Amino acid sequence: MRKHTRILAAAMTIVEAIVIISLTGCSGKKVDYGTESESKETKNMSALADIKADSGWNENFTIQTGNGEKTVYVYANIVVPDFDNMSVVEVENVKIDADYKKRFLDLYFGGNEYYYHDPDHYTVDELNEVIEYWQKEQDDTYREWLEQRLAEYRDKLETAKTTYTVAKDLENCEVFAGYKGDVFCEVDFEAHKVHAYALHQSGTDYGPPSLRNEDYDTITQTFQDDDLKDKADETSNEGSKSAASAKKEAGDFLSKLGMQDLVERGECECSWIGFNNSEEGNDYQTAVWGYIYSYATGIDGITFKDGFDMDTYLSGYEAIDSDIDDVTLPDSTLLTVTDDGIIDVQLEYPVNVTQIYKDVELISLKNIEQIIKAEITENPDKYDTAATFNKLQLSYLKIRSDSEQGKYSYVPAWALSRMVDSNEQNAIFVNAIDGTIINLENSL
């Protein structure tokens with residue numbers, strides 16, 4: 001039971017590692033994009049073509065720290081986006097409320113009815129299946145938790161129905177299920193995420209016909225990352241659809257959902273594995289069936305998610321309470337298309353674009369270097385200067401609005417950093433429009 005294995009794993013997660021980025025001090029003279037900050041002098045401007053021609057920032061300078069005098073070494077390559085000008089893009093969070101749930105569920109299930117599918121609405125058979133699964137669990141680490149859950153699920157059996165309940169109140173439930181043809185699918189809604197996926201087909205695991213015909217114990221998609229680089233290849237695909245028709249289907253789905261402005265990040269074939277649960281672990285088979293398409297918000301054909309890799313910049317930050325509403329992580333969208341249509345949908349931190357300011361002016365690179373140098377000099381104990389700074393990157397950074405919750409601006413920003421254990425660390429971020437230092441916080 002993949003579904004109930006997921007429930008167990010999710011419930012055992014103590015703290016979900018969602019990092020909140022608090023970004024302040026970002027407003028320029030040329031563009032007003034909803035944040036408040038000190039304005040810098042912006043007479044000396046740079047064209048991206050001039051910045052690209054720069055050989056790099058190579059300099060060392062002395063600072064006075066709490067532990068005495070130290071030398072800061074900067075031998076940084078300049079990394080610049082591959083387009084001629086930059087913009088400011090204002091966005092707002094998609095509100096995943098009852099209206100949004102209805103629009104998504106109607107579209108995903110093609111107008112067919114759908115049901116409540118949270119534990120309070122599990123059928124008698126489903127509750128018994130979960131109870132049976134958990135009773136077999138031998139890990140004593142979670143024994144107390146398991147006993148509590150078993151007691152709760154046994155209590156639910158007293159009022160459980162043998163059939164599903166058609167969903168009418170979408171406000172007070174977050175998990176729904178229904179049929180796409182003979183495929184039983186589930187949709188999970190969270191504050192900033194939506195995940196729709198197939199649970200099974202005709203009582204078996206969902207997957208390619210070749211694997212279902214072999215009657216494997218488990219069939220599952222093997223691809224998890226959303227950074228798709230390979231082009232979809234039809235030659236080895238079991239699916240009856242062409243890559244072009246599958247991509248059109250994905251695009252039509254997003255357009256009807258109101259997400260037509262997304263930029264494609266990549267595509268690949270959808271790979272699957274079927275295996276039997278044996279100690280040897282070598283009884284398995286792989287197959288390719290369907291296609292996966294990845295999208296995110298962006299501009300000029302480049303997605304913001306592929307600019308600064310915030311996973312590496314924020315790797316040293318502590319996780320905080322996942323209930324906080326105001327997140328600033330970049331959005332991403334992943335769609336899996338099989339012969340049964342749009343089966344797997346993963347939306348993370350979806351936003352709508354509300355305003356675009358094209359071709360904004362940028363402070364000159366030399367001024368940016370001086371601003372960063374002054375920041376390190378004035379706050380010497382804030383940064384670890386033991387290693388050389390080796391990368392100065394210009395990209396888009398998501399800035400939270402000071403005045404309106406759930407609204408943000410993607411602004412051009414510079415980051416001076418150094419690579420440590422494959423992570424960009426000790427980064428100094430500077431607004432490329434007005435020159436203010438952008439502070440990354442690990443909590444609000």
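User: At what angle do the axes of helix H4 and helix H5 cross?

Analyst: In this predicted model, the axes of helix H4 (residues 124–135) and helix H5 (residues 143–157) come within 10 Å and cross at roughly 160 degrees.

User: Why is H4 called roughly antiparallel to H5?

Analyst: The crossing angle is roughly 160 degrees, and angles over 145 degrees count as roughly antiparallel, so H4 is described as roughly antiparallel to H5. The crossing in which H4 passes H5 is left-handed.

User: Which residues make the contact of H4 and H5?

Analyst: On the side of H4 the contact is made by Val-124, Leu-127, Asn-128, Val-130, Ile-131, Trp-134 and Gln-135, while H5 contributes Trp-145, Leu-146, Arg-149, Leu-150, Tyr-153, Arg-154, Lys-156 and Leu-157. Sorted by kind, the residues of this contact are 10 nonpolar, two polar and three charged.

User: What makes the meeting of Arg-149 and Glu-152 a salt bridge?

Analyst: A salt bridge requires a side-chain nitrogen of Lys or Arg within 4 Å of a carboxyl oxygen of Asp or Glu, and between the side chains of Arg-149 and Glu-152 the distance from N to O is 2.7 Å, so the pair qualifies. Because Arg-149 and Glu-152 are three residues apart in helix H5, about one helical turn separates them. By this rule, the count of salt bridges comes to 17.

User: How do you know that strands S2 and S3 pair?

Analyst: Two strands pair if there are at least two bridges between them, and strand S2 (residues 57–65) and strand S3 (residues 68–79) are joined in the antiparallel sense over nine bridges, so the condition is met. One of the partnerships links Thr-62 with Thr-71 in S3, and S2 and S3 form a hairpin with two residues between them.

User: What joins S3 to strand S18, and in which sense do they run?

Analyst: Four bridges join S3 to strand S18 (residues 389–400), and these strands run parallel. Set against the requirement of at least two bridges, S3 and S18 therefore count as paired. In S18, Leu-392 is the bridge partner of Ile-78.

User: What makes S5 and S9 the edge strands of the open sheet?

Analyst: The sheet consists of nine strands in the order S5-S6-S7-S8-S15-S14-S11-S10-S9, with antiparallel pairing, and strand S5 (114–116) and strand S9 (218–221) are its edges, each pairing on one side only. Neighbouring strands of this sheet are turned by 25 degrees against each other on average, direction ignored. S5 pairs with strand S6 (residues 175–180) over three antiparallel bridges, and Tyr-116 has Phe-176 in S6 as its bridge partner.

User: Which helices lie across or pack on these strands?

Analyst: Helix H3 (residues 98–108) lies across S5, S6, S7, S8 and S15, running at about 160 degrees to S7. Helix H7 (residues 243–256) packs on the sheet, touching S10, S11, S14 and S15, and its direction makes about 45 degrees with that of S11.

Note on methods. Residues numbered from 1 in each chain as written. Predicted model: local features only at pLDDT ≥ 70, side-chain atom pairs only at ≥ 80, totals over all residues. Heavy atoms only, no water. Axes fitted to C-alpha atoms, helices over the stretch in contact; angles between N-to-C directions. Parallel < 35°, antiparallel > 145°, perpendicular 65-115°, else oblique. Left-handed = near helix turned anticlockwise from the far one by under 90°. Contact = heavy atoms within 4.5 Å. Nonpolar A, V, L, I, M, F, W, Y, C, P; charged D, E, K, R; others polar.
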